[in-house]
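Student: Please take a close look at the charged side chains here, with attention to how they pair and how open they are to solvent.

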Amino acid sequence: MRRRGPGGREEAVRRLLDTPHPPVPRDLVPRAAALGARRLRRARRVRRLLWTLAALALLVLVVWASAARPWEPPPAGTTPPLEAW
């Protein structure tokens, strides 16, 4: 097995770069721009949906807390004995 030093790697890269480059389609830039725009729109929709779900969850929590009042102690299960009446 031949060991390559830094010079061997540079030579390999130079040989790769000296070969003819593949042809690039003419409509590559418009297609890439359209794909980027679609991804941005999709990301914006997902972000908007997540914010809507978070706001809805907060609203449900507030409505539940106002109805259940979990901060108040629960009512006693039995009535206290009546002693001095």
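**Charged side chains**

Tutor: Aspartate 27 has a relative accessibility of 36% and counts as partly exposed, a class that lies between buried (under 20% relative accessible area) and exposed (over 50%), with a 1.4 Å probe and protein chains only. This is a predicted model, in which local features need pLDDT of at least 70 and side-chain atom pairs count only at pLDDT 80 or more, whereas totals for chains, interfaces and linings use all residues. Residues are numbered from 1 along each chain as its sequence is written, and side-chain values use heavy atoms, with hydrogens and water left out.

The partner of aspartate 27 is arginine 31, and their side chains meet in a salt bridge with an N to O distance of 3.7 Å (a side-chain nitrogen of Lys or Arg within 4 Å of a carboxyl oxygen of Asp or Glu). Arginine 31 is also partly exposed, with 47% of relative accessible area, so each partner of this pair, aspartate 27 at 36% and arginine 31 at 47%, falls in the partly exposed class. The model has 2 salt bridges by this rule. The other one joins glutamate 72 to arginine 69, where the closest N and O atoms are 3.8 Å apart. Here glutamate 72 is partly exposed at 42% relative accessible area, and arginine 69 is likewise partly exposed at 42%.

A group of arginines forms a positive surface patch, made up of Arg38, Arg39, Arg41, Arg42, Arg44, Arg45, Arg47 and Arg48; patch residues have over 30% relative accessible area and no salt bridge, like charges being joined within 9 Å. One of these residues, arginine 39, lies in helix α2, which runs over residues 28–68 (helices are DSSP runs of H or I with at least four residues). With 55% relative accessibility, arginine 39 counts as exposed.

Turning to the whole protein, there are 17 positive and 6 negative charges, and the mean positions of the two sets are 12 Å apart, where Lys and Arg count as positive and Asp and Glu as negative. The setting for these side chains is a protein of 2 helices and 0 strands, whose C-alpha trace spans about 105 × 45 × 15 Å along its principal axes. Of its 85 residues, 2% count as buried.

Technical notes:
Patch = residues over 30% accessible without salt bridge, like charges linked within 9 Å, V, L, I, M, F, W, Y side chains within 5 Å. Areas by Shrake-Rupley, 256 points an atom, 1.4 Å probe, with all protein chains shown as cover. Charge placed at Lys NZ, Arg CZ, Asp CG, Glu CD.
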